[in-house]
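Me: I am new to this structure and would like a close look at a single part of it. Please take one charged pair in a helix, and then set it against the rest.

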Amino acid sequence: MSNGGGLNKIVESLQKNQYYFILAVIAVLFLIPSVSSRYYIFLVGLALIYSIWALGFNILFGYTGLLSFGHAAYLGIGAYTVALLMNKLGIMSYEVLLLASIASSLVISMAVGFLCVRYTEVYFALLTLAFGEFFFAITYKLYDLTGGSDGMSVLYPTFLGQQMNLTSLYYVIVIIFIVSTYVGWRIVNSPFGKTLQAIREDPVKAEFAGIPVKRYQWYSFIVSGIYSGLAGALYAPLFAHVVPDLFHWTTSGEVLFLTLIGGYRFFLGPVFGAVIYAFLRSYITAYTIYWPLILGLSVMIIALGFPDGVIGSIIRFISKRISRR
Amino acid sequence: MSALIPIFLLNGIYYAALLFLISAGLTLIFSVARILNLAHGALFMLGAYIASIFLMYNDIRIIILGFVLAPLTIGLVSVAIERGLVKWIYNREQEYQLLLTYGLSLVISDIVRITFGTQPISVTGLVNSMGGVDILGYTFPAYNLVVIVAAVVVGIVLGVFLERTRLGWIIRACSLDSEMSSALGINVNLIFAFTFFLGGLLAGLGGALILPPTVAMPGMDVNALIESFIVIVIGGLGSIRGAFIGSLIVGLIRSFGIYLFPEYELAFLYIIMAAVLLIRPRGLFGKEYRRV
C-alpha cells in the first residue's frame, strides 16, 4: 500500500503545518490580483462568494440537518438590497450597503425561518422552496420597483470614501471570506454548533436532553440566511447586475450541488465545492449550451452514488486505505 | 362586480380542476412511496409538450388520441423513473431522494428545451372551435367547462378506485405501512410502480388539458410544482381529499385575487398558506406527519 502511505504522509504533514497552509492560501488569495487577468480575479471572487454562501447553507444543511431548497432567496435579497438602495436612494457607501444587506436578510430569514422550522425533512424542503419562489415571482411582478425581468444594474460602490473597482472589490470579498470562514468555524465548534449537531443526529433525543430544538433550528436558519445575504451583497457589484433568476430554484439547487460536490460532512467541504463549481461552470458554459442537463445529471449521479460528496468520498476512500494499512 | 361573480367562480373552479390533477398525482406518490417528486412539474410540462404534437392538427380524432397518448406516455416515463432510479434510494435519507428528483427535473426540462425549443407553443384551434357558453350574459369558454367536468370525473374515479376496489385497498394499505403490507404478501414494488404510473398519468393529463387555452413554455414546470406545493400545504400532504379542497381554495383565491388586488394576488396566496401553517400545521386534511 505504498500509495496509501504516501497520502497518509501528505495528510499528516498538512495537519502538522495547518497554520502555514492557511497562511499560504491567504497569501495566494491576496496575490492573485497582481499576477492574473481580470477574468481570473472575477472567477476567484465568484468562487469565494459561492464559498461564503455555501458555508452558511451548510450550517443549516450539514450541521443542523435541514435541507433548504430556497436558499437562493437570501442571496437574492442581499443582492437586491444593494441594487435597490443604490438605484432608488442613491446610497453608494459599501459599508452601509453591506450592513443593510445583513439587516434585510436577517429580517426575512427570521420571518420565513419561523414558519419553516416548524417542519422537518421533506416538508421543510417543500416550504423553503415555495417561499423561495415567492420572492422570484414578486421581483418579476413589481416591475416599477425591481425592473422586472430586466433586473437592475449595479455600479461599483465606494468603500471608506474611495471609489471601488474590481480589484478593491476583490480584496473586500477576500477579507469577508476569511472573516466569515473563521466565524463559521468558531460557530460550528462552539456549544451552539455542537447543539445543532446534536439536533441533526437525533432531534427527539435532543429535545429530551432539554434542548429547545425548534428555537435552535430557527437560529441556525437565521445565521445561514445572513451568510447568504452577505454573499448576495458581494455578488451584486461583482456581476454589476441583478436579475430575478437569482431567486430561482435552480440557483437554490446550485448551492446544494456545490455543497455536495465538496461534501457537507466536514467544515471546508463547501469551500472546495464552491471553487470547483465556479471554475467548472465557467468552462462548461463556455463550450456547451447543455449546462442544465449536465448539472442535472451530475446531481443525480451524486444522489445515487456519492452520499458523502465527491471530495468526501475521496477522503473516505483515502482514510479507509490508511486504516487498512 | 357582483354580476361577474359567477364568472370568477367558474374561472377559479377551472383553475382548481387543473391544480387538482397535478397535485393529486404528487400527493398520491408521496403517500404511498414517501417520495416528494420534485420532477412532477417537469413531467407535467413534458405532458403538455407531447400533447402539443397531436393538438396542432385540426382532426378531432388526432386530438383525442393526443389526450390519451400524452398521459399514457408520461405514466410510462414515470414508471421508468421509478424502476430505473427512485427504486434505489427508498432506504436513503430524504435529502438524496429530493436531490435525485431535483436533478431529474433539470434533466427533463432541459431535454424539453432541446427538443422543442424555447419559443412558447400554442394550439388555440380546439378552444376556438368549441366556442363559448352563455352564463348570465357572460361568455365562458366551453373548453374550460369540459376541463372542469373531466377533473371532477377523474376525482370521483380516483376516489372510488381507492376506496372501493381491491387494488385501491392495497394501495392504501401500502401508504399506511408498506413493510407490513409486504409481510402480508403484497408485492410492494409493483404497487409503488403502479402508483408512479398513476401519478404520471395525472400529471400528463393535466399538462395535456392546460395546453389549449394557454401555451407550453419553459418555466411552466416550476410554476406548476410550486402551486401544487401550496395546494398540498393547505390541504395536507398525502391526502387526495386535501388536494381537492386545497385546489379549490387556491383556484378561487387566484381567480378573485387577480380581480380584487392584481398586484398582491400572489402574496395573498402565500399569506393564506402561512396562516394554515400557523393554525393547522399538518394542513386541513393531513394526517399527523411521522417518520415511517
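Reply: Asp110(B) and Arg113(B) sit in one helix of chain B, H4, which runs over residues 94-116. They are 3 residues apart, which is about one turn of that helix. An α-helix has 3.6 residues a turn, so residues three or four places apart point the same way. The side chains of Asp110(B) and Arg113(B) meet in a salt bridge, with 2.6 Å from N to O. The model is predicted, so this distance and the other values here are computed from a prediction.

The two partners differ in their cover. Asp110(B) has a relative accessibility of 3%, and it is buried because that value is under 20%. Arg113(B), at 26%, is partly exposed.

How many salt bridges does a search of the whole structure find? There are 7 over all chains, and two others in chain B can be set beside this one. In one of them, the side chains of Asp59(B) and Arg61(B) meet at 3.1 Å, N to O. Here Asp59(B) is partly exposed, with a relative accessible area of 26%, and Arg61(B) is exposed, at 63%. Arg61(B) is placed in the exposed class because its value is over 50%. In the other, Glu163(B) and Arg172(B) meet through their side chains at 3.9 Å, N to O. That distance still counts as a salt bridge because the limit is 4 Å. Glu163(B) is partly exposed at 36%, and Arg172(B) is partly exposed at 34%.

Chain A also has a helix that covers residues 94-116, and there it is numbered H5. Ser101(A) lies in this helix. Ser101(A) is buried, with a relative accessibility of 0%. Leaving aside residues up to four places away in sequence, Ser101(A) touches Gly78(A), Thr81(A), Val82(A), Gly229(A) and Ala233(A).

One of these neighbours, Thr81(A), belongs to helix H4 of chain A. Thr81(A) is buried as well, at 13% relative accessibility. Under the same sequence limit, Thr81(A) touches Ala100(A), Ser101(A) and Ser104(A). With Ser104(A) there is also a polar contact of 2.8 Å between the two side chains.

Helix H4 of chain A runs over residues 72-89, which makes 18 residues. From its first C-alpha to its last, H4(A) reaches 25 Å, close to the 26 Å expected at 1.5 Å a residue. Most of H4(A) is covered, as 14 of its 18 residues are buried. After H4(A) comes Gly90(A), which has a positive phi near 70 degrees.

Chain A as a whole gives the setting for these helices. Its secondary structure comes to 15 helices and 4 strands. The radius of gyration of chain A is 20 Å, close to the 20 Å of the globule rule for 325 residues, so chain A is as compact as a globular protein of that length. Its C-alpha trace spans about 65 × 55 × 40 Å along the principal axes. Of the 325 residues in chain A, 53% are buried. Among contacts in chain A with a separation of 6 or more, 77% are between residues 24 or more positions apart. The accessible surface of chain A is about 14200 Å², and carbon and sulfur atoms account for 69% of it.

Methods
Residues are numbered from 1 along each chain as its sequence is written. Chains are lettered from A and ligands numbered from 1 in the order in which they are written. This is a predicted model: local features need pLDDT of at least 70, side-chain atom pairs count only at pLDDT 80 or more; totals for chains, interfaces and linings use all residues. Side-chain values use heavy atoms; hydrogens and water are left out. Buried means under 20% relative accessible area, exposed over 50%, partly exposed in between (1.4 Å probe, protein chains only). Helices (H or I, at least four residues) and strands (E, at least two) are DSSP runs, numbered from the N terminus. The expected span of a helix is 1.5 Å times one less than its number of residues. The radius of gyration is taken over C-alpha atoms; the globule rule is 2.2 Å times the number of residues to the power 0.38. Contact means heavy atoms within 4.5 Å. Accessible areas come from the Shrake-Rupley method with a 1.4 Å probe; for residues, only the protein chains shown count as cover. A polar contact is a pair of N or O atoms within 3.5 Å; within protein, one must be able to donate a hydrogen and the other to accept it, and residues adjacent in sequence count only if both atoms are side-chain atoms.
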